[in-house]
Structure formats: structure tokens, C-alpha cells
Amino acid sequence: MKASNSQPSAPPEPPTLMAAPAAGIPVNLHSPLPWSTGLCDCCDNISVCCLTCWCPCITFGRIAEIVDRGSTSCGISGALYSMILCVSGCSCLYSCFYRSKLRGQYFLEERPCTDCCVHCCCETCALCQEYRQLQNQGLDLSIGWHGNLERQKRKDCCMQAPPVEEGMKS
């Protein structure tokens, strides 16, 4: 019997490839999905915008913990981001890697330009957009990956149908 994994996968499965009837060449029937909000929609969530402007390491740490599915903590990712920012000033090169990873998990478009270009030109807007994207997927970044798993377990537990009792038999 196979042991169950305690960490269910949050992102949706990537689209499947199917063979085209005439040519027999695999064709992706889905194109990448658009982001749920625009890059410059920072004012859609003022609290995240302010947090990102003053403490981008926290925003990045929260994003990284979710994207890494809890394998790294918010604190460690945020500290590494801060260290790279202080030493080189190029934390955008680190954070653009996570944007690419996020896009891969949720099959999102690479827009408005490449991930590194977005982060190098407008780091704050990119982090805010990624944070909003994860929120719009139903995740609460403030409680981390494991907190979201627990919340999902509680929700699933309450959503199960009660057992049905059999009626009287004649």
C-alpha cells in the first residue's frame, strides 16, 4: 500500500498534450492563462503595496514559501533576498526566478515581457502582482504554506457528507 503524501499540490495540473488527429503531432490545446491582475494594479491591494514598498523581503519571503510548497520558510527566503539586496543590489535576479517558477506552476503568460525584465524594471510591481495572483488562487500568504494546508484540511473535513444510515429492512 502506498503511503499518502501529506502535502497536496496547490497549483492546478498543467494542461495535457493530445495528439492532433490529422498530423499526429502533439498539440497543446490550451494557451497560457492571463494573470488575474495587471502588473500596475498595485492599488488593488493597498496593504500588500505598502508592505512591498517598505519591506519587499517579507512579500518575497511569503511568495517563495508558497511557490516552494513549504520547503523553504518565509524567514529564510526573505533573509536571503535582503542579503542579496544589501550586498549586490540585484535581488531582482533572485526574485525573477520565483516569478518563472510561479508562472510554470499556474501556466501563466510571460507578460508584459520576460520575467527578469519585469523584476529588473519594476520589482515592487512584480512582487505585488505575484502576491495578488496567489491570493486570487485562494491562498492566504500571511499564514504560509503549512497554514494553508491546515486550512484546506479543515475545510475538506467540514465539507464531507455525513454518513448515510440504512433504513429498516423488512
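These are legends for a handful of close-up views of a predicted model.

**View 1. Helix 2, end to end.**
Let's start with helix 2 (56-67). This helix runs for 12 residues and spans 16 Å from first C-alpha to last, close to the 16 Å expected at 1.5 Å a residue. Much of the view is about what is tucked away: Thr59, Phe60, Gly61, Ile63, Ala64, Glu65, Ile66 and Val67 are buried. After the helix comes arginine 69, and its phi is positive, near 55°.

**View 2. Cysteine 55, between helix 1 and helix 2.**
Cysteine 55 sits in the loop that separates helix 1 (46-54) from helix 2. Buried or exposed? Neither, really: cysteine 55 has a relative accessible area of 30%, so it counts as partly exposed. Look across to glycine 78 as well, which is 23 residues away from cysteine 55 in sequence, with 9.4 Å between the two C-alphas.

**View 3. Phenylalanine 60 and its ring partners.**
Aromatic pairs turn up five times in a search of the whole structure. In one of them, phenylalanine 60 and tyrosine 81 are stacked, with ring centres 4.9 Å apart and 20° between the planes. Phenylalanine 60 belongs to helix 2 and tyrosine 81 to helix 3 (residues 74-88), so this pair ties together parts that are 21 residues apart in sequence. Both of these residues, phenylalanine 60 and tyrosine 81, are buried.

Now turn to tyrosine 98. Here the ring centres of phenylalanine 60 and tyrosine 98 are 5.2 Å apart, but the planes meet at 85°, so this pair is edge-to-face. It links distant parts of the chain, with phenylalanine 60 in helix 2 and tyrosine 98 in helix 4, 38 residues apart. How accessible are the two residues? Phenylalanine 60 has 0% relative accessibility, so it counts as buried, and tyrosine 98 is buried too, at a relative accessible area of 5%. Zoom out a little and there is one aromatic cluster made of Phe60, Tyr81, Tyr94, Phe97 and Tyr98.

**View 4. The largest nonpolar core.**
In soluble globular proteins, nonpolar side chains tend to be buried together. The largest nonpolar core here has 27 residues, and the members touching the most others are Phe60, Ile63, Leu134 and Leu141. Which elements give two or more residues to this core? Helix 1, helix 2, helix 4 (91-106), helix 6 (123-136) and helix 7 (144-159) do. Helix 6 gives the most, with six residues.

**View 5. Leucine 134 and its neighbours.**
Leucine 134 is one of the four core residues that touch the most other members. Leaving out residues up to four places away in sequence, leucine 134 touches Ile63, Ile66, Val67, Leu102, Tyr106, Leu139 and Leu141. Of these, Ile63, Ile66 and Val67 are also listed as buried in helix 2.

**View 6. Asparagine 45, just ahead of helix 1.**
Asparagine 45 is in the loop between strand 2 (26-28) and helix 1. Its relative accessible area is 18%, and buried means under 20%, so asparagine 45 makes the cut. What does its side chain reach? A polar atom of that side chain lies 3.2 Å from the backbone nitrogen of valine 48. The side chains of asparagine 45 and glutamine 135 are joined by a polar contact of 3.0 Å. Setting aside residues up to four places away in sequence, asparagine 45 touches Arg132 and Gln135.

Methods
Residues numbered from 1 in each chain as written. Predicted model: local features only at pLDDT ≥ 70, side-chain atom pairs only at ≥ 80, totals over all residues. Heavy atoms only, no water. Helix = DSSP H or I, 4+ residues; strand = E, 2+ residues; numbered from the N terminus. Buried < 20%, exposed > 50% of the residue type's maximum accessible area, 1.4 Å probe, protein only. Core = buried A, V, L, I, M, F, W, Y, C linked by side-chain atoms within 4.5 Å. Contact = heavy atoms within 4.5 Å. Expected span 1.5 Å × (residues − 1). Polar contact = N/O pair within 3.5 Å; in protein donor to acceptor, adjacent residues only side chain to side chain. Phe/Tyr/Trp six-rings, centres within 6.5 Å; stacked < 30°, edge-to-face > 60°.
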